[in-house]
Amino acid sequence: MTNHLTAILEQEDGGYMSLCPEVDVASQGATIEEARNNLREALELFFESASEDELQERLHGEVFATSVEVAVG
């Protein structure tokens, strides 16, 4: 079984941080591709080892990504 989850990648300190907000799992990598692959691996390990209670506690429902306009200054 496969699921589609959200992956947020952000450039940080010469590399990239990756985050899956549905389960609060994060990883990193030197490139976007590496950060995404490392997040996938971290998620697979999480789902293999998490108890049913932890899954229910950490698994958020739908995640919506959007942008907001903010006045600065």
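In this predicted model, three strands make up an open sheet, ordered β1-β2-β3 and paired in the antiparallel sense. The edges belong to β1 (8-12) and β3 (25-29), each of which pairs on one side only. Going from one strand to the next, the twist averages 20 degrees. Five antiparallel bridges link β1 to β2 (residues 15-20); picking out one pairing, Leu9 has Ser18 in β2 as its bridge partner.

Then there is the helix. α1, spanning residues 32-49, lies across β1, β2 and β3, and runs at about 145 degrees to β3. From first C-alpha to last, the 18 residues of α1 reach 26 Å, close to the 26 Å expected at 1.5 Å a residue.

Which residues of α1 are buried? They are Ala35, Leu39, Leu43 and Phe46. Looking down the axis of α1, the buried residues fall within an arc of 75 degrees, so they line one face of the helix. The general geometry of an α-helix fits here: with 3.6 residues a turn, residues three or four places apart point the same way. As for what that buried side meets, the buried residues of α1 pack against β1, β2 and β3, and also against α2 (52-58).

The other side of α1 is another story: on the face turned away from the buried side sit Glu33, Glu48 and Ser49, which are exposed.

Terms used:
Residues are numbered from 1 along each chain as its sequence is written. This is a predicted model: local features need pLDDT of at least 70, side-chain atom pairs count only at pLDDT 80 or more; totals for chains, interfaces and linings use all residues. Side-chain values use heavy atoms; hydrogens and water are left out. Two strands pair if DSSP finds at least two bridges between them. Helices (H or I, at least four residues) and strands (E, at least two) are DSSP runs, numbered from the N terminus. Axes are lines fitted to C-alpha atoms, for helices over the stretch in contact, and angles run from 0 to 180 degrees between N-to-C directions. Contact means heavy atoms within 4.5 Å. The expected span of a helix is 1.5 Å times one less than its number of residues. Buried means under 20% relative accessible area, exposed over 50%, partly exposed in between (1.4 Å probe, protein chains only). The arc is that of the directions from the helix axis to the C-beta atoms.
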